[in-house]
Every structure is written in structure tokens, then in C-alpha cells.
Amino acid sequence: MAVGQWTAGTRWAAILTLDGDGQHDPAEVPAFLRIWESTNADLVVGARDYLQMPPVRWFTNSVSRKLFSWAVGENIPDNQSGYRLRTRRVAEADLSSPEQGFAFEVEEIAICVGRGYKLAWVPIRTIYGSETSDIRAWSHFVSFMRVTRRARRRVRQERHRRPT
């Protein structure tokens, strides 16, 4: 099935989602589709330009990205971007996750890394307005550390289950 061709009764091949907070530009959807078609990736994640982030977000996202990359043993350019295209098999694998919110986004990547699914990244711009973040730095950090430990375990479990 070619991208854009869908009729009732057709099995879907992928889901594209973006956060509803106005920070992602829907005009970038074609870039996701191009990367997906050219790489056959199971998960395409929008990689935000960290230099465009407000300073507090830049710091927290940079630290969490480095910790998470270490935890899963692979360079992850953006572990919390809410702009994603996932294939059917990733969506089905995601059903095993008990996580919600940003923790779900992190775990989804851990599932893919652990199962050996192909990841791809597409550069995206992020639209920041005058809104203030409702994230509390300390509680977010503690929560992220829990999620990172869980992701490390998840990757190991998934790799152990993989057929050799």
C-alpha cells in the first residue's frame, strides 16, 4: 500500500502522532513519510533542535538524552519528542507498556532498541510560545531516573527474548 492510499478494510501500516500542545508543525508530516519510506524504519522520531529550546528545557533534555542513550546502549538524539511515526508492529509491542506520558515515549524507544527494530530520526523545529512549563524539575528528574532504570531493564529483557 502506498502512503496516502487507504480504503475501508485496509490494514493500516503506520500511525503518525504529534503532541497536541502546539509545539509541532503538522506541515512536517511529509518529512516523516519520506524518512519512513526510504529507511523502512519501525519508529521515526522527530528530533528537536536543542539549541532552539529555552535554557531550562535545553539542560533537562540534554541530560536526560545522554542518560537514556547510556541506558539503552545506543545514541538517541531525542528521547522525549512527541512527534512520531510508528509501524503496526511497534504499536502492537507498545501495548505491553504500563507507562504513560513522557515515560511511554521513553519506553517505546527501549522496546524498539531491545527488539532490534529500526529507528530513524527526522529533524523538526519546535514551536515555543510564551507558555511556562508545568514540569517540576526535581520530581521530573526523579521520575526520569525511574523510567531510565526501567528502560535499561526493558532493553535487556527484550534482547534476551529475541530469537538468535
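**View 1. Strand S2 is wrapped up by the rest of this predicted model.** Take a look at residues 43-48, the stretch that makes up strand S2. Here 6 of the 6 residues are buried, meaning under 20% relative accessible area, so the strand is largely enclosed by the rest of the structure. What covers do its two faces have? Both faces of S2 are covered. Leu43, Val45 and Ala47 sit buried on one side, while Val44, Gly46 and Arg48 are buried on the other.

**View 2. S2 pairs with strand S3.** Now bring in residues 84-87, which form S3. How do S2 and S3 pair, parallel or antiparallel? They go antiparallel, with 3 bridges between them. To spot the pairing, find valine 44: it stands opposite leucine 85 of S3.

**View 3. S2 also pairs with strand S4.** S4 covers residues 119-124, and this time the two strands run parallel. How many bridges join S2 to S4? There are 6. A handy spot to check is alanine 47, which stands opposite proline 123 in S4.

**View 4. Put the strands together and you get an open sheet.** Its 4 strands come in the order S1-S3-S2-S4, and the pairing is mixed. Out at the edges are S1 (14-17) and S4, each pairing on one side only. On average, neighbouring strands in the sheet are turned by 20° against each other, ignoring direction.

**View 5. Helix H1 packs on the sheet.** This helix takes in residues 29-39 and touches S1, S2, S3 and S4. Compare its direction with that of S4 and you get an angle of about 155°.

Note on methods:
Residues are numbered from 1 along each chain as its sequence is written. This is a predicted model: local features need pLDDT of at least 70, side-chain atom pairs count only at pLDDT 80 or more; totals for chains, interfaces and linings use all residues. Side-chain values use heavy atoms; hydrogens and water are left out. Buried means under 20% relative accessible area, exposed over 50%, partly exposed in between (1.4 Å probe, protein chains only). Two strands pair if DSSP finds at least two bridges between them. Axes are lines fitted to C-alpha atoms, for helices over the stretch in contact, and angles run from 0 to 180 degrees between N-to-C directions. Contact means heavy atoms within 4.5 Å.
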